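Q: I am new to this structure and would like to be guided through it. Could we begin once it is on the screen?

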Amino acid sequence: AALEAFRSGGSDDGDTDWAARLERCLLAGDEVAAWRVVDGALAAARTPQYCYVEILASALAHIGSRWEAGELDVADQYVATAVATRIVARLGARFRRPGRRRGTLVFGSPLGELHSLPVALAADLVRLEGFDVLELGANVPPAVFAAAALRAPRLVAVGIGITRGASVPAAQQAVDAGRSLAPDVPVVLGGQGAWDPAATAMTGVSAFALDGSGVASVVATIAARRAADCVRSSPRSTRNALET
Ligand code: B12
């Protein structure tokens with residue numbers, strides 16, 4: 001019955017808690033209701049970026065906190081992920097624009113990292129800015145990052161997403177494999193795992209994108225630097241935004 005209330009979605013009194021509404025739909029495994037929440041937010045003039053970062057990612061983060069507190073079990077996370085994946089696909093398809101492209105990024109998560117959804121969201125945020133993304137998904141072997149980087153047209157950067165600090169060694173292997181074949185290609189480390197102190201000690205990382213708001217600006221800055229042929233062979237590390 002509660003879900004029926006969401007199905008009416010679309011009205012916005014200015015302080016609708018979109019993320020809380022979406023969270024309930026994700027946990028109920030109800031894609032139709034979940035899409036209505038997102039559609040309602042769009043109709044209420046929320047941007048696609050807002051839908052990804054402030055609504056969907058927030059709902060997922062809250063689900064994670066509730067799992068950590070023992071309030072939800074791991075099956076809830078799987079159900080929520082399946083619906084969230086379909087929402088990302090619908091939202092992404094709706095905002096894919098034709099027109100002049102700004103280059104290609106290769107995005108994936110390294111071996112052992114099963115959180116594929118964060119990379120999918122980050123990829124769409126970058127696509128919204130006019131870039132193409134060759135998405136590899138999660139649990140990607142190091143050699144695959146390197147091979148994809150070599151085949152990507154007008155490569156801007158390789159993005160490696162990690163959601164847990166435990167994935168730092170695997171991310172380093174992916175960076176090393178990419179650099180051995182394409183030494184000049186910038187590498188962006190993104191995701192919640194990039195906050196881990198071990199990540200700051202990684203070598204060969206050009207930039208860090210620590211949250212949804214930083215993804216597009218970091219990529220745009222790297223692209224501008226590459227276009228201006230200003231990317232040095234060992235670019236300095238930055239966190240979230242590249243200082244000029
Ligand atoms: C869904 C989920 C799962 C799903 C993943 C399904 C999938 N296909 O993705 C499943 C159930 C499989 C899972 C498994 C596990 N999970 Co989990 N999971 C989550 C959950 C709830 C949501 C993750 C998510 O999609 N977030 C939304 C994204 C969009 O937000 P984001 O990560 O911040 O991403 C943004 C930016 O960081 C950035 N970004 C992200 N990636 C990239 C990549 C690049 C290249 C760039 C540029 C930018 C970028 O842009 C994004 C857009 O805004 C989180 C809770 C949370 N706080 O996120 C826990 C969470 C990440 N999981 C956790 C844990 C512990 C696990 C497990 C160990 C145990 C378990 N729960 O079963 C396993 C580990 C699996 C493994 N080996 O990797 C912990 C991690 C704690 C830690 N620091 O280590 C969390 C935080 C839950 C918690 N509160 O404790 N999980």
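What follows is a conversation about a predicted model.

A: The model is predicted, and the ligand is a suitable place to begin.

Q: Which protein atom is the donor to the cobalt of the ligand?
A: The cobalt atom has a single donor from the protein, and that donor is NE2 of His-115, at 2.3 Å.

Q: And where is His-115 found?
A: His-115 belongs to the loop that runs between strand S1 (104-108) and helix H6 (117-127).

Q: Which residues come nearest to the ligand?
A: There are 36 residues around the ligand, and those that come nearest are Gly-112, Leu-114, His-115, Ser-116 and Gln-192.

Q: What about Ser-116, how far is its side chain from a nitrogen atom of the ligand?
A: An N or O atom in the Ser-116 side chain is 2.8 Å from a ligand nitrogen. Two further contacts may be added. Glu-113 places a polar side-chain atom 3.4 Å from a ligand oxygen. Gly-64 uses its backbone instead, with an N or O atom 3.2 Å from a nitrogen of the ligand.

Q: Which helices and strands supply at least two residues of the shell around the ligand?
A: They are helix H4 (48-68), helix H5 (74-94), H6, S3, strand S4 (187-190) and helix H10 (212-227).

Q: Which of them gives the largest share?
A: Helix H4 does, with seven residues of the shell.

Q: What kind of space does the ligand take?
A: The ligand takes the space of the largest pocket.

Q: Changing topic, how many residues does helix H3 have, and what is its reach?
A: H3 covers residues 31-43, which is 13 residues. From the first C-alpha to the last, the helix reaches 18 Å, close to the 18 Å expected at 1.5 Å a residue.

Q: Which residues of H3 are buried?
A: The buried residues in H3 are Glu-31, Ala-33, Ala-34, Trp-35, Val-37, Val-38, Gly-40, Ala-41 and Leu-42.

Q: What is found at the start of H3, and what comes just after it?
A: At the start, Asp-30 has a side-chain oxygen that reaches to within 3.2 Å of the backbone nitrogen of Val-32. Just after H3, Ala-45 has a positive phi of about 70°.

Q: Why remark on a positive phi?
A: Most residues other than glycine have a negative phi, so a positive value in such a residue deserves a remark.

Q: Which phi does Asn-139 have, and where is that residue?
A: Asn-139 is not a glycine, yet its phi is positive, about 60°. The residue is in the loop between strand S2 (132-135) and helix H7 (142-151). Its relative accessibility is 37%, so Asn-139 counts as partly exposed.

Q: And Arg-154, is it buried or exposed?
A: Arg-154 is exposed, because its relative accessible area is 54%. Arg-154 lies in the loop between H7 and strand S3 (155-161), and its phi is positive as well, near 45°.

Q: Now to pairs of residues separated along the chain. How far apart in space are Val-219 and Val-158?
A: Their C-alpha atoms are 9.9 Å apart, with the two positions 61 residues apart in sequence numbering. Val-219 lies in helix H10. Val-219 has a relative accessible area of 3%, so the residue is buried.

Q: What separates Leu-210 and Ala-194?
A: Along the chain they are 16 residues apart, and their C-alpha atoms are separated by 6.2 Å. Leu-210 is in the loop between strand S5 (207-209) and H10. Leu-210 is buried, because its relative accessible area is 7%.

Q: Where is Pro-98, and is it buried or exposed?
A: Pro-98 is in the loop between H5 and S1. With a relative accessible area of 77%, Pro-98 is exposed. Its C-alpha is 8.7 Å from that of Gly-130, a residue 32 positions away along the chain.

Q: One last pair: how far is Val-144 from Ala-177?
A: The C-alpha atoms are 8.7 Å apart, and the two residues are 33 apart in sequence. Val-144 lies in helix H7 and is partly exposed, with a relative accessible area of 33%.

Terms used:
Residues are numbered from 1 along each chain as its sequence is written. This is a predicted model: local features need pLDDT of at least 70, side-chain atom pairs count only at pLDDT 80 or more; totals for chains, interfaces and linings use all residues. Side-chain values use heavy atoms; hydrogens and water are left out. Donors are N, O and S atoms within 2.8 Å of the metal (3.2 Å for Na, K and Ca); water is not among the atoms, so sites may look incomplete. Helices (H or I, at least four residues) and strands (E, at least two) are DSSP runs, numbered from the N terminus. Buried means under 20% relative accessible area, exposed over 50%, partly exposed in between (1.4 Å probe, protein chains only). The expected span of a helix is 1.5 Å times one less than its number of residues. A polar contact is a pair of N or O atoms within 3.5 Å; within protein, one must be able to donate a hydrogen and the other to accept it, and residues adjacent in sequence count only if both atoms are side-chain atoms. A residue is near a molecule or strand if one of its heavy atoms lies within 4 Å of it. On a 1 Å grid over the protein atoms alone, a cavity is a set of points where a 1.4 Å probe fits but cannot get out, and a pocket is an open set with protein on both sides within 12 Å along at least five of seven lines; lining residues have an atom within 4 Å of a point. A molecule sits in a cavity or pocket if more than half of its atoms lie within 2 Å of its grid points.
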